[in-house]
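Work through the exercises below with the sequence and the model side by side. Try each task before reading its solution.

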Amino acid sequence: MKTCLVVDDSKVIRKVARHILETLNFHVTEAGDGREALDSCLESAPDVVLLDWNMPVMSGMDFLRALHDSAVTRRPKVVFCTTENGLAHIRAAIEAGADEYVMKPFDRETLESKLQIVGMA
């Protein structure tokens, strides 16, 4: 079973994402900010990270940079999940190491297609 870490400061978004991912046969773990997510990845890297952009403690961009610089040996695929839709934001996320980008709000079909693009569905 593939694993996904859902990183978002909103419990509602994490719950929605968890429900969708579980219907796609993912084992789901959650983190409320980038720091928790980094700690989780260092402990046991998931196959894919669904990552929010704007969070307290450590933002999604800061998480990506920290993950890149970390000792994680098997780098997970990263799908940025956010309301930021400007091309500059998308380009910055990809350049920082994100593999794909999904806009909130998203549904099962949209998320599944993004996971297929990164080879996870």
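**Exercise 1. Find which residues UniProt lists for "domain: Response regulatory", and describe that stretch.**

Step 1. The unreviewed UniProt entry lists residues 3-119. UniProt positions follow the numbering used here, feature names are shortened, and annotations may be inferred rather than shown by experiment.

Step 2. This is a predicted model: local features need pLDDT of at least 70, side-chain atom pairs count only at pLDDT 80 or more, and totals for chains, interfaces and linings use all residues. Residues are numbered from 1 along each chain as its sequence is written, and side-chain values use heavy atoms, leaving out hydrogens and water.

Step 3. Over residues 3-119, the chain is 45% helix and 21% strand. The end C-alpha atoms lie 13 Å apart. Helices (H or I, at least four residues) and strands (E, at least two) are DSSP runs, numbered from the N terminus.

**Exercise 2. Place Gly32 and decide: buried or exposed?**

Step 1. Gly32 sits in the loop between strand S2 (26-31) and H2.

Step 2. Its relative accessibility is 16%, so Gly32 counts as buried. Buried means under 20% relative accessible area, exposed over 50%, partly exposed in between (1.4 Å probe, protein chains only).

Step 3. Leaving aside neighbours within four places in sequence, Gly32 is in contact (heavy atoms within 4.5 Å) with Asp8, Asp9, Arg14 and Met55.

Step 4. Val6 is 26 residues from Gly32 in sequence, and 8.4 Å away C-alpha to C-alpha.

**Exercise 3. List the contacts of Val49.**

Leave aside neighbours within four places in sequence. Val49 then touches Leu5, Val7, Cys41, Phe63, Pro76, Lys77, Val78 and Val79.
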